[in-house]
Amino acid sequence: MVIQCAFKECRPYLNELEARFGLAQWAEQSSGFSLHYDDKGLSLYKTDEPKLGAINVDFITGAVAHRRKFGGGKGQSIAKAVGLNKGATPVVLDATAGLGRDGFVLASLGCKVILHERHPVVAALLYDGLQRAYNDSEIGPWMQQNMSLIFGSSHTLLAQCDSMPDVVYLDPMFPHREKSALVKKEMRVFQELVGGDTDADDLLEFAYPLASKRVVVKRPDYAPFLNDKTPSMQIKTKKNRFDVYVKAAMI
């Protein structure tokens, strides 16, 4: 029993989660973290730093929901990067899904988003957040249509894809310098849990042939180009940039 929970009626679902994502094997090889389930869903804690609090995936309330309602719609930089400002609603393969925030923004704007996540705990958190979103009366119908998760390494999954998405989106882990409480908390936990994406450069080589229209790489403003490849264009924000590798017109 990897996931701790006080509600016995939840155990069948939690057993399914543990089996689906191999959490027992992860727990045998890892220390310093714990997983808990309560009325807010599945949460991850760093056991030696309890003040950091819980990390979970919530698409229904909080900052993610606020951005969906008030974040600027198709005028957002990420929307422009994937080509939404051209009037298209592309199929986007998010090959480094993480907690799914960027994928959710794109799904809320009408894109069909396929999420790839290889770390078992991150995938379990994301899966649980998706299940709760699917069952929500407000966002559930379009979430079920627009957002899905495949558990596994994108290096393997991209090589096995038999259909071409319009856009492949990459946001590999890179050391952050921001001091905000949220980023600081999540990055401290994630970098210890997941480690750096040391094989991130290889992803561009897999992604470029697969995307029919473009590859979009999100990077901190101080990070080098992925695999030292100069993009076709860049869209810059205050702290990040989107390197866009265009293959064909969006429409």
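In what follows, Lys and Arg count as positive and Asp and Glu as negative, while His and the chain ends are not counted, and the place of a charge is taken as NZ of Lys, CZ of Arg, CG of Asp or CD of Glu. The model is predicted, with local features needing pLDDT of at least 70 and side-chain atom pairs counting only at pLDDT 80 or more, whereas totals for chains, interfaces and linings use all residues. Residues are numbered from 1 along each chain as its sequence is written, and side-chain values use heavy atoms, with hydrogens and water left out.

**Exercise 1. Describe the charges and the overall form of the chain.**

Solution. Begin with the charges: the chain has 31 positive and 29 negative side chains, and the centres of these two sets lie 7 Å apart. Turn next to the extent of the chain, whose C-alpha atoms fill a box of roughly 55 × 40 × 35 Å along the principal axes. The radius of gyration is taken over C-alpha atoms, and the globule rule is 2.2 Å times the number of residues to the power 0.38. For 251 residues a compact globule would have a radius of gyration near 18 Å, and the chain agrees with this because its own value is 18 Å. The secondary structure consists of 10 helices and 10 strands, where helices (H or I, at least four residues) and strands (E, at least two) are DSSP runs numbered from the N terminus.

**Exercise 2. Work out how much of the chain is buried and how its contacts are spread along the sequence.**

Solution. First fix the terms: buried means under 20% relative accessible area, exposed means over 50%, and partly exposed is in between (1.4 Å probe, protein chains only). By this scale, buried residues make up 50% of the 251 residues. Then take contacts, meaning heavy atoms within 4.5 Å: of those with a separation of 6 or more, 66% are between residues 24 or more positions apart.

**Exercise 3. Decide how many disulfides the chain has, and explain the case of Cys5 and Cys10.**

Solution. A disulfide is a pair of cysteine sulfur atoms within 2.5 Å. Under this rule the count is 0 disulfides. Cys5 is in no disulfide, and the nearest cysteine sulfur, which belongs to Cys10, is 4.5 Å away. Seen from the other side, the sulfur of Cys10 has that of Cys5 as its closest cysteine sulfur, and 4.5 Å is too far for a bond. As for their surroundings, Cys5 counts as partly exposed because its relative accessibility is 24%, whereas Cys10, at 17%, counts as buried.

**Exercise 4. Examine helix 5 and the residues that meet it.**

Solution. Helix 5 spans residues 101–108, and 6 of its 8 residues are buried, so this helix is largely enclosed by the rest of the structure. The buried residues are Asp102, Gly103, Phe104, Val105, Leu106 and Ala107. After the helix comes Gly110, whose phi is positive, near 110°.

Now look at Gln76, which is found in the loop between helix 3 (62–70) and helix 4 (77–82). Its relative accessibility is 9%, so Gln76 counts as buried. Apart from neighbours within four places in sequence, Gln76 is in contact with Arg67, Gly71, Val105 and Leu109.

A further residue to consider is Leu84, placed in the loop between helix 4 and strand 4 (91–94). Leu84 is buried, because its relative accessible area is 1%. With neighbours within four places again left aside, the contacts of Leu84 include Lys74, Thr89, Leu106 and Cys111.

**Exercise 5. Place Glu117 and list its partners.**

Solution. Glu117 lies in strand 5 (residues 112–117). With a relative accessible area of 9%, Glu117 is buried. Beyond neighbours within four places in sequence, Glu117 is in contact with Thr96, Ala97, Gly98, Val122, Ala123, Leu149, Ile150, Phe151 and Gly152. By contrast, Gly83 is 34 residues away along the chain, and its C-alpha atom is separated from that of Glu117 by 23 Å.

**Exercise 6. Find the positive phi values between strand 8 and strand 9, and state how exposed the residues are.**

Solution. Asn227 sits in the loop between strand 8 (214–220) and strand 9 (233–236). Its phi is near 55°, a positive value in a residue other than glycine, and Asn227 counts as partly exposed because its relative accessibility is 25%. Asp228 is also in the loop between strand 8 and strand 9. The phi of Asp228 is positive as well, about 60°, although this residue is not a glycine. With a relative accessible area of 66%, Asp228 is exposed.
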